[in-house]
Amino acid sequence: MTTRREFLTKGSLSLLGLSAMPALLSQCQSSDSNDLTDAFSFPRVSPESEGIESEAIINFLSAAQKSGLEWHSFKILRRGNVLAEGHWAPFKEEYKHTLYSLSKAFTSTAIGLAVKEGLITVEDSVISFFPEELPDIIDAKLQNMKVKHLLTMNSGHTNGTMDNMRTKSGEQTWVKSFLEQTPVHEPGTHFFYNTGATYMLGAIIHAKTGQNLEEYLKPRFFDKLEIVGYDWEISPEGLNTAGYGLRLKTEDIAKLGQFYLQNGTWNGEEILSAEWVAEASKKHTESQEGDGDWSQGYGYQFWRCKPEPGFYRGDGAFGQYCIIIPQYDMTIAVTSESFDMGKSMQVIWDTILPAVEGEPLRENKTALRELRSLCENLSITTPSVNASSDNVSEINKQVFKATENNYGIKSIQFDVADDQGTLNFDTIDGKNTMHFGIEKWITNDVYTVNNFPVANRIHMPSLIAATATWLDDNTLQITRKFVEAVHGDTLICHFEDDKLDISFKNSISQNTHNGEDERANLIGTI
């Protein structure tokens, strides 16, 4: 049976990142993007008032803790009310988060808006939008490809198209590279999860409006739902990447879910038609073989889910979820760095779904207090071996001159105190300082990209939280979390006589079978 991870690999979304091209962000954001406090806020109520025991959500949090997976945030809503929510430190409510393929749900929404406005139909031929980008020989299968085939991952391809699209960046547009890749199957007859198809949906919006997805969605969707502070990666042509690359807050994921629960309305205004929501969320095609949560069929960029009573979700790599359950009037938003997405969902299915009742329940003040305390104190466990080293005074403020390296580092200096420390780099671009806690998280207040980049991964600007522990008197391990992305990174700093040797373990190589981190060690000498 094909796994979700294999889907991503075959669909050209590498587990080590999305491409080797430079990270580009669309500059179109809400006019309020610097104000991280949304004017709109869901009401907060007790779970019992909406027919769910607080104890069930306590059980969810316990199961999440025992799962061995890394959870970043969750938010559970029923009838438009937040029953419980939390962020595992160092992640916070006000931080946006990488969505990976959950971005596709927003692209699907844009297509629905364009259909409502009469700009396109799902029966339109794909090549009709791109007369200047067509290959010299137009295959009959390409001629027959329609918008609905892109929406349902039925373009007819059997391999991901994104790799070729990115490889030829600079030579030709991503659209042209997609159209050059001839489908193997007749469109509409073969499901293959292909992020290039989603990119083409965004390109169709651009072809009809002259706007990228962010520009198109801003007045029609983002502004109406008061979604602010987001950003979205762009292709070399300035189009949003569509199938990935959107970053926004967990509250905004919940807004998307609530919007679909309300059949495309918000504040009494019909933004999408109820007919479109029903069409987008229903099963249009078989998907993965087997009986898992990727085997229940696919809609317009939404997956059908396995458990009764039958519902749907948008999801993204490493456990980014917008779960929409119309029968219960519920939506569940989750962000994480999960290396077993099926297990993540099963935790939710096993603890939350069985607890849903039709009527309000008697309040349980003791359980509610416990739940709220748990939610307020969630934290990713910090590595803890030794909080101190007998050699710290010999290491502190020593300047280690870096040997030749590909990181642009000229020298390294440490200053480690009882409960926190700093790592100072002198680089070819200037000074760079990272603060870390000793067996606790400290979040740096400067947005930066990873100064030790992993090959074939896009590194988006993010705040970085860091914690450190001494593995022995001569080895300081610093763990970093990119709190507006998904992944983490570990620096193992070994001091021996007058030499410093820093090796690396990124969170993907630590948790998958991809092998050791391939980055070269950084060496410094006094």
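Residues are called buried under 20% relative accessible area, exposed over 50%, and partly exposed in between, with a 1.4 Å probe and protein chains only. By this scale Glu-123 is partly exposed, with a relative accessible area of 40%.

The structure is a predicted model, in which local features need pLDDT of at least 70 and side-chain atom pairs count only at pLDDT 80 or more, whereas totals for chains, interfaces and linings use all residues. Residues are numbered from 1 along each chain as its sequence is written, and side-chain values use heavy atoms, with hydrogens and water left out.

## Salt bridges and charge

A salt bridge is counted where a side-chain nitrogen of Lys or Arg lies within 4 Å of a carboxyl oxygen of Asp or Glu. A search of the whole structure on this criterion finds 31 salt bridges. Three of the pairs are listed here.

| Pair | Closest N to O | Relative accessibility |
|---|---|---|
| Glu-123 and Lys-146 | 3.1 Å | Glu-123 40%, Lys-146 28% |
| Asp-139 and Lys-141 | 3.6 Å | Asp-139 24% |
| Lys-283 and Glu-286 | 3.0 Å | Lys-283 40%, Glu-286 52% |

Helices (H or I, at least four residues) and strands (E, at least two) are DSSP runs numbered from the N terminus. In the pair of Glu-123 with Lys-146, Glu-123 lies in the loop between helix 3 (103-116) and helix 4 (140-144), and Lys-146 in the loop between helix 4 and helix 5 (147-151), so the contact ties together parts that are 23 residues apart in sequence. In the pair of Lys-283 with Glu-286, Lys-283 is partly exposed, whereas Glu-286 counts as exposed. A network of salt bridges links Arg-44, Lys-75, Glu-85, Glu-93 and Glu-251.

Negative charge also gathers on the surface in a patch made up of Glu-53, Glu-55, Glu-357 and Glu-370. Patches consist of residues with over 30% relative accessible area and no salt bridge, like charges being joined within 9 Å and nonpolar side chains (Val, Leu, Ile, Met, Phe, Trp, Tyr) within 5 Å. Accessible areas come from the Shrake-Rupley method with a 1.4 Å probe; Asp and Glu count as negative, and Lys and Arg as positive, without His or the chain ends. The place of a charge is taken as CD for Glu, CG for Asp, NZ for Lys and CZ for Arg. Within the patch, Glu-357 belongs to the loop between helix 12 (341-351) and helix 13 (365-376). Glu-357 counts as partly exposed because its relative accessibility is 41%.

A contrasting environment is found at Phe-60 in helix 2 (residues 54-66), which counts as buried at 2% relative accessibility. The C-alpha atoms of Phe-60 and Asp-350 are separated by 8.2 Å, although the two residues are 290 apart along the chain.

## Strand pairing

Two strands pair if DSSP finds at least two bridges between them. An open sheet of six strands has the order 2-1-11-10-9-8, with antiparallel pairing. Strand 2 (81-87) and strand 8 (303-304) are its edge strands, each pairing on one side only. Six bridges connect strand 1 (residues 70-78) with strand 2 in the antiparallel sense, and Ser-73 stands opposite His-87 in strand 2.

A further open sheet contains three strands in the order 3-5-4, again with antiparallel pairing. Strand 3 (97-98) and strand 4 (231-232) stand at the edges with a single partner strand each, so one side of each is left without a neighbour in the sheet. Strand 4 pairs with strand 5 (residues 246-248) over two bridges, and Trp-232 has Leu-246 as its bridge partner in strand 5.

Several hairpins occur further along the chain. Strand 13 (residues 409-416) runs antiparallel to strand 14 (residues 420-427) and is joined to it by seven bridges, with three residues forming the hairpin connection. Phe-414 stands opposite Leu-423 in strand 14. Strand 14 is in turn joined by eight bridges to the antiparallel strand 15 (residues 430-438), with two residues between them in the hairpin.

Strand 17 (residues 464-472) is mostly covered, seven of its nine residues being buried. Strand 17 pairs with strand 15 in the parallel sense over two bridges, where Ile-438 stands opposite Ala-468. With strand 16 (residues 442-443), strand 17 pairs in the antiparallel sense over two bridges. Eight bridges join strand 17 to the antiparallel strand 18 (residues 475-482), and these two strands form a hairpin with two residues between them.
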